[in-house]
Amino acid sequence: MATIIRRNLNHIHRRSVAISAAVRQQDTTLWTQTPIAAVKPAGESLFHVTIDVSDSPDLASSYTIAGQYLQLRIPDVEKPSFLAIASPPSLVFSNCVFEFLVKSIAGSTAEILCGLGKGDFVELSPVMGKGFDTDEISPPEEYRSVLIFATGSGISPIRSLIESGFSADKRADVRLYYGARNLQRMAYQDRFKAWESSGVTIVPVLSQPDDSWVGEAGYVQSAFARAKQVYAPELTGSVLCGHRQMAEEVTSILVGNGVPSEKILKNF
């Protein structure tokens, strides 16, 4: 009986491998091979990954709006990763690199990626998505409030949005609620001062802070619900990126307070 079971399992495994190979062969995505320029720690289980696209000008120029993303594939690894681009389009244009914030998850393509180094090659798909359509919350003189919400590595496209510029300094109230487990898992802290100088008030929210933490604790949606500060909701915009539960609950709070759903921007 054991021999029969092993034979059946081997047959199933071979059939699964054959199907996976066939699916990969039928992939019509245009992949561009590009070298890694750098992989550096960004926090606990987080890495800054920089990809050199200087030899792929068409790919670089196709990134035009904060919030867009692409797929990244590693040779001989079956499953690609979807990654939002962290660097603003202007930086890609001037430096010819894509920058990503990647969370390393055990057993994932992201974990393999974070273990690579300068000179290793990966493959990138074309840039995808409509990004954050900030025309929906313009002009800034009319849409005076913009509420931004991000959790974990979802801060990646939010960095691109802030550093691309959306006239935050011309608005009355621009807040970023940024959630992470603890400060060790909160990326881009070295950029906070520059972001605040551009007109963005940063509200860090830690779900598992240590005893010395005096800021907001719990989840982003709870911190926002406690604040209860939505002024002129019909003229308020919002940008969300992160955990699905957070996005759903924040959307519910915003719409419940009168913020038009079309003014709540998401990139996926």
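1. How far apart do the C-alpha centres of domain 1 and domain 2 lie? They sit 24 Å apart. Bear in mind that this is a predicted model. The split itself puts residues 32-124 in domain 1 and residues 134-266 in domain 2.

2. On to the contact between the two. Domain 1 brings 19 residues to it and domain 2 brings 13. Together the domains bury about 1300 Å², with 54% of that on carbon and sulfur atoms. On the domain 1 side, have a look at Glu44, Ala86 and Leu101: this trio supplies 38% of the area that domain 1 buries against domain 2, more than any other three residues.

3. Glu44 deserves a second look, as it also forms a salt bridge with Arg185, where the closest N and O atoms are 3.0 Å apart. Across the interface of domain 1 and domain 2, the count of salt bridges comes to two.

4. Now the largest pocket, with a volume of about 1100 Å³. Why does it lie between the domains? Both domain 1 and domain 2 give residues to its lining, so that is where the pocket ends up.

5. As for what lines the largest pocket, there are 39 residues, and Thr151, Ser153, Gly154, Gly242 and His243 are the ones nearest its centre. By class, the lining has 18 nonpolar, 15 polar and six charged residues. Several elements each supply at least two lining residues, among them the strands β4 (81-84) and β5 (97-103), and the helices α5 (155-164) and α8 (244-256). Strands β8 (173-180) and β11 (236-241) do so too, as does helix α7 (220-227).

Key: Residues numbered from 1 in each chain as written. Predicted model: local features only at pLDDT ≥ 70, side-chain atom pairs only at ≥ 80, totals over all residues. Heavy atoms only, no water. 1 Å grid on protein atoms, 1.4 Å probe; cavity = no way out; pocket = protein on both sides within 12 Å on 5 of 7 lines; lining within 4 Å. Points joined across faces, edges and corners; volume = space filled by probe spheres on them. Helix = DSSP H or I, 4+ residues; strand = E, 2+ residues; numbered from the N terminus. Nonpolar A, V, L, I, M, F, W, Y, C, P; charged D, E, K, R; others polar. Domains from an automatic or database assignment. Contact = heavy atoms within 4.5 Å. Buried area = accessible area lost by both parts, 1.4 Å probe. Salt bridge = Lys/Arg side-chain N within 4 Å of Asp/Glu carboxyl O.
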